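This report looks at selected residues and one helix, moving from side-chain contacts to helix geometry. Please keep the structure open alongside the text.

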Amino acid sequence: SDVLPDFEKKLNLSSPSIPGKSPSFALQDGLAFINFAAQAIAQDEFSKCFTQKPRRKFDPTTLLLTPLYWIGWFVRYFILFPYRLALLLVATVLFFLSLPIVLHIKSEYWQHWLFKSYCKAFLMSWGSRIRYHGPKPRVDEPHIFVSNHTSVIDYIVLSAHDFPHATVAQKHGGVIGYFENSVLTLNGSLMFDRNEKNDRNTLARKMREHVHNTKNVPLLIFPEGTCVNNEYTVLFHKGAFDLDAMVAPVAVRYNKKWADAYWHSKTQSFTKHLLYLMTRWALVADVWYLPPRARKPGQSAVEFANEVKAEISAVANLKNLSWDGYFKNFAPAKDKQVKLQQHSQSRYGNVLMNRMRNRPAADRMGHLRRSQSISISPAASGSSRDIAYAKPDWMDVKEATAEKNKILAALDDQRSLEMIEEISHRKNDVVKTWKRYTKMRSEDFTQRRIENSSWRLWFKQRIEQEHIKKRRL
């Protein structure tokens with residue numbers, strides 16, 4: 001996402017250009033950068049996506065509530081918990097005793113029934129009350145299910161309803177690792193290690209093979225790639241949307257008044273997470289099945305992913321953000337950090353150049369527009385001028401978020417780079433090059449603006465390179 005949203009507009013507000021006066025670019029611009037830094041610290045939306053709210057602690061304010069609290073605590077820990085734990089242990093024993101028999105007879109029906117029943121046993125051990133909205137889609141052609149991700153239990157909640165799923169998961173240790181290796185892999189699930197590039201390349205091939213074999217168990221993917229606290233959605237990675245298959249979106253929302261289903265693997269083991277769920281009164285959640293859809297002609301995988309994410313966010317009432325969830329556990333690569341720094345520097349340089357030329361600042365889409373956030377009163381006289389500031393449109397959070405997603409889709413898409421590479425062999429004939437480009441151009445307006453800017457930049461660089469070669473000769 002854009003780390004300096006509406007940077008040029010804010011600079012225009014802090015340093016208005018007044019006719020007859022030289023442009024200023026000193027203290028006000030520095031304050032604009034300080035404003036961005038302070039906003040990043042005070043309104044850190046990225047950290048909020050993964051922050052677990054403090055669990056409520058009892059405060060004995062009245063004599064009436066004190067005995068009720070301790071009665072409830074006794075019921076949860078000494079009646080409900082032993083019953084639920086015994087239920088889960090019995091279900092686990094029966095599952096592993098029945099599994100070899102089901103695998104031996106090679107019955108798809110009984111295998112699906114066994115997996116689904118075991119998932120239902122987990123839900124019963126948490127006192128779950130799950131409301132499923134709409135029928136679960138059954139698609140005869142290659143397809144995947146995608147959902148927002150809060151915890152490992154998302155897979156259990158969805159697999160317990162109607163039919164089970166295979167999934168794509170990172171390799172874990174402990175209890176989860178045991179179930180991944182001994183149970184999930186039998187259902188066609190795919191495991192990988194994020195730190196191994198070879199694993200990721202192999203995973204993409206296996207995902208495509210699994211999806212395009214309609215006899216396999218439907219694949220459930222969590223494109224965020226990490227657990228989010230069920231108040232936000234972060235970037236949906238495009239790999240799940242580039243499989244040439246139908247996508248069935250699923251939105252999951254938990255009621256935190258009963259239990260907080262969010263699992264932060266860095267602060268809590270999965271065993272403790274399970275024990276926490278077993279000692280709550282209930283696990284309450286809503287699940288919405290949305291109509292399956294295919295990628296539109298000319299639509300990139302990133303655009304398709306953002307479209308699905310926006311719909312899931314709207315249905316589940318989650319705030320839609322563009323941050324990459326991988327940054328939760330892994331810092332951005334050095335080359336990306338350098339690009340971000342250079343991008344900000346070049347944008348500020350364009351602002352200064354445009355001020356000196358008495359032109360409006362260039363926005364991040366590569367086009368020029370006049371700022372309408374400043375109006376100079378015609379009644380002003382002499383050296384004193386009244387400057388009226390209108391409320392800029394970047395103050396609207398929803399519009400800013402939507403614009404970030406558009407920019408993210410455009411910048412992450414490789415079509416512009418591939419287009420430039422394909423037309424580069426015709427660089428000596430500008431007319432043919434332009435004809436070639438117009439045939440490859442995207443239909444989307446925002447994407448087309450990015451491609452136009454990329455093409456002009458490539459053409460300018462080519463001319464500069466030709467001049468350099470002539471000088472050397």
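Which backbone oxygen does the side chain of threonine 92 reach? In this predicted model, the side chain of threonine 92 reaches the backbone oxygen of leucine 88, at 2.8 Å. Threonine 92 is placed in helix α4, which covers residues 65–105, and the side chain of threonine 92 also makes a polar contact with the side chain of tyrosine 118, at 2.9 Å. With a relative accessible area of 19%, threonine 92 counts as buried, because the cut-off for that class is under 20%.

Glycine 174 lies in helix α7, which covers residues 174–182, and is separated from phenylalanine 270 by 96 residues in sequence, while the C-alpha atoms of glycine 174 and phenylalanine 270 are 8.5 Å apart in space. The relative accessible area of glycine 174 is 62%, so this residue is exposed, given that the exposed class begins over 50%.

The table sets out the accessibility of these two residues.

| Residue | Relative accessible area | Class |
|---|---|---|
| Threonine 92 | 19% | buried |
| Glycine 174 | 62% | exposed |

Helix α10 comprises the 16 residues 301–316, and because each residue contributes 1.5 Å, the expected span is 22 Å, which agrees with the 23 Å between its end C-alpha atoms. The buried residues of α10 include Ala301, Val302, Glu303, Phe304 and Ala305, and among the others are Lys309, Ile312 and Ala316. Just after α10, asparagine 317 takes a positive phi of about 60°.

Terms used. Residues are numbered from 1 along each chain as its sequence is written. This is a predicted model: local features need pLDDT of at least 70, side-chain atom pairs count only at pLDDT 80 or more; totals for chains, interfaces and linings use all residues. Side-chain values use heavy atoms; hydrogens and water are left out. Helices (H or I, at least four residues) and strands (E, at least two) are DSSP runs, numbered from the N terminus. Buried means under 20% relative accessible area, exposed over 50%, partly exposed in between (1.4 Å probe, protein chains only). A polar contact is a pair of N or O atoms within 3.5 Å; within protein, one must be able to donate a hydrogen and the other to accept it, and residues adjacent in sequence count only if both atoms are side-chain atoms. The expected span of a helix is 1.5 Å times one less than its number of residues.
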